[in-house]
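I set aside this session for looking through one structure and noting what I find, entry by entry.

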Amino acid sequence: MGALSPAARMRDDGEMLLYRRVRSLSERLAEWRVDAARASTGPLFELAHDLADDIGSLRWFRGLGTLAGLSAVALAFWPDFTPLEAASAMTLDTEACSEYRSQMIQPLSRGGASGRHREATAAVIPLQAAPERPRLELVATLAPGDSFDRMLKRAGVGAGDAQRVSAMVADAVPQGGIRSGTKVSIVLGRRPAPDAARPLEALNLRARFDLELAVKRQGDDLVLAPRAIRVDATPLRIRGAVGASLYRSARNAGVPAHAVQQYLRTLAGHVDLDGGLGAGDTFDIVVAYKRAETGESEAGELLYAGLERSGRPKAQLLRWGKDGQFFEASGVGQMRSGLVAPVQGQMGSPFGMRRHPILGYMRMHKGMDFRARYGTPIYAVTDGRVVFAGRHGGHGNFVRLDHGGGLGTGYAHMSRIAVAPGAQVRRGQVLGYVGSTGLSTGPHLHYEMYRNGQTVNPASVRFAVRSQLDGGELAAFRARLAALKAIAPGAALRDLAPSAPVMAQAPAPAREIDRVDNLPRLASLSRD
């Protein structure tokens, strides 16, 4: 190999010197890192020491000093709990109040005015009057206990128009004939003057299920136009299998909920609903039902409750009479057993010997006491005739009933008597009201029962009342039963035909040439 030139040797020497310098610097940095790591882990630089180790040593005291220093720094930055001073009260003038109000949000009912308002310029033309709608269409509802006249006035109808409309409606429908909750459509016209009430232009309401009333203005007069709505009162008859649940099966078949409840209560007196029903039995229910030609329908009370097993009737019960009692197909009414509670209250003193609370000695308590509030109604426990009603010694205001067969009942200490001697009363009828007349320490009912004139324990007697139809009433009853059973199931659900036939109209042609061609045919239809 040949000798290097001086320039090449100088270049090599420079590179070697640079390499040595870089290497020595990197080595020194590495040594410095090692020394710093050793120093940081040494005893001189250990600031955070585990105070659970080497308790009492120099390292432990150094760690304790670190903890104390950090705690002092934390306490130095602890917030101050001294009360803050509020801004001093200042008096707001009109301009400042207006400025605050322009930047706050308030309801319009309390004078809210958000944003700044500027005065009108010369380009703004003031209106003589604020524009309003020429017609108002609204719907008012007749509330419970409200009158038709007050309802119209609240809706904005003038006093004169409201009185005239109320008088016309009262002539068409008896007082109280319009049920609460009835919707009334009202149309009000333009005001004749700024401060005047809007005139009534039109009014429409469904006064009854079979009657619609419309009021229209003709000139200065209001004219009533009643419209009779055809209603079909065919009862709704529904039959179906009892299945796993009589209630669910009847509801799934379309029987209204209130009718199902009446059916179960009526049937419970003749059939054991817990174990006397089979899944294959057939229920037969007839409900009072009305449907109007306008499409509305209304379900009423239960009329007939029937139950069949293997195609043979097991129970046939028909509602009959003004009291709505159910009778069997033979004309025998439902048996009503047990006693109606004479008053809504708990029993106090029973029948038997006791110390009289006023007289202070032992004597026979010939009845039962019921605790009740003053004025609570007192009911007849069963049908009977009033044989006494008035003041009766220690009984105070007293009513005695004769139920026939030697049985009678008495009701004492009444505040007021509601029946007269000789009157016939029915089971559950109000005889009077709880009081404290006679020998009484407070409001309560003293109830007695008599058998052949002698007092007996009322708890030992049970009544059983059964009605029987005969003669012409029995024949009418059987005719009504046959008529209801002849109704086809679901017949009341069919659509009603319109009361007036609608004339068929020719379809409007789509093209003008077709309109011209169809003119003679349209003219012949109009002549017919």
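How much area does the protein chain expose, and what percentage of it do carbon and sulfur atoms supply? I find that the protein chain exposes about 34300 Å², of which carbon and sulfur atoms supply 55%; accessible areas come from the Shrake-Rupley method with a 1.4 Å probe, and for residues only the protein chains shown count as cover.

Before going further I note that this is a predicted model, in which local features need pLDDT of at least 70 and side-chain atom pairs count only at pLDDT 80 or more, while totals for chains, interfaces and linings use all residues. Residues are numbered from 1 along each chain as its sequence is written, and side-chain values use heavy atoms, with hydrogens and water left out.

**Overall.** I looked up the secondary structure and found nine helices and 25 strands, where helices (H or I, at least four residues) and strands (E, at least two) are DSSP runs numbered from the N terminus. Of the 528 residues, 30% count as buried; buried means under 20% relative accessible area, exposed over 50%, and partly exposed in between, with a 1.4 Å probe and protein chains only. Among contacts (heavy atoms within 4.5 Å) between residues at least 6 apart in sequence, 58% join residues at least 24 apart.

**Cores.** The largest nonpolar core, that is, a set of buried Ala, Val, Leu, Ile, Met, Phe, Trp, Tyr and Cys residues joined through side-chain atoms within 4.5 Å, has 24 residues, and Phe 148, Leu 152, Val 165, Ile 186 and Leu 203 have the most contacts inside it. At least two residues of this core come from each of helix H4 (148-154), helix H5 (159-172), strand E2 (183-188), strand E3 (200-208) and strand E4 (211-218). I followed Leu 152 and, leaving aside neighbours within four places in sequence, found it in contact with Val 157, Ala 162, Val 165, Ser 166, Ile 186 and Leu 203. Apart from this core lies another, of 22 residues, including Ile 238, Val 242, Val 255 and Leu 317.

**Thr 437 and His 413.** Thr 437 sits in the loop between strand E22 (430-434) and strand E23 (444-451), and I count Thr 437 as buried because its relative accessibility is 17%. A polar atom of the Thr 437 side chain lies 3.0 Å from the backbone nitrogen of Asn 397. Not counting residues up to four places away in sequence, Thr 437 touches Arg 391, Gly 394, His 395, Gly 396, Asn 397, His 413 and Met 414. I then checked His 413, which is in strand E20 (residues 407-417) and has a positive phi of about 65° although it is not a glycine; His 413 is buried, at a relative accessible area of 5%.

**His 403.** This residue belongs to strand E19 (residues 397-404) and is buried, with a relative accessible area of 16%. Its side chain reaches the backbone oxygen of Asp 383 at 2.7 Å, and I also noted a polar contact of 2.8 Å between the side chains of His 403 and Thr 409; a polar contact is a pair of N or O atoms within 3.5 Å, where within protein one must be able to donate a hydrogen and the other to accept it, and residues adjacent in sequence count only if both atoms are side-chain atoms.

**Ser 310.** Ser 310, in the loop between strand E9 (297-309) and strand E10 (312-320), has a positive phi of about 60° although it is not a glycine, and I record Ser 310 as exposed, with a relative accessible area of 72%.
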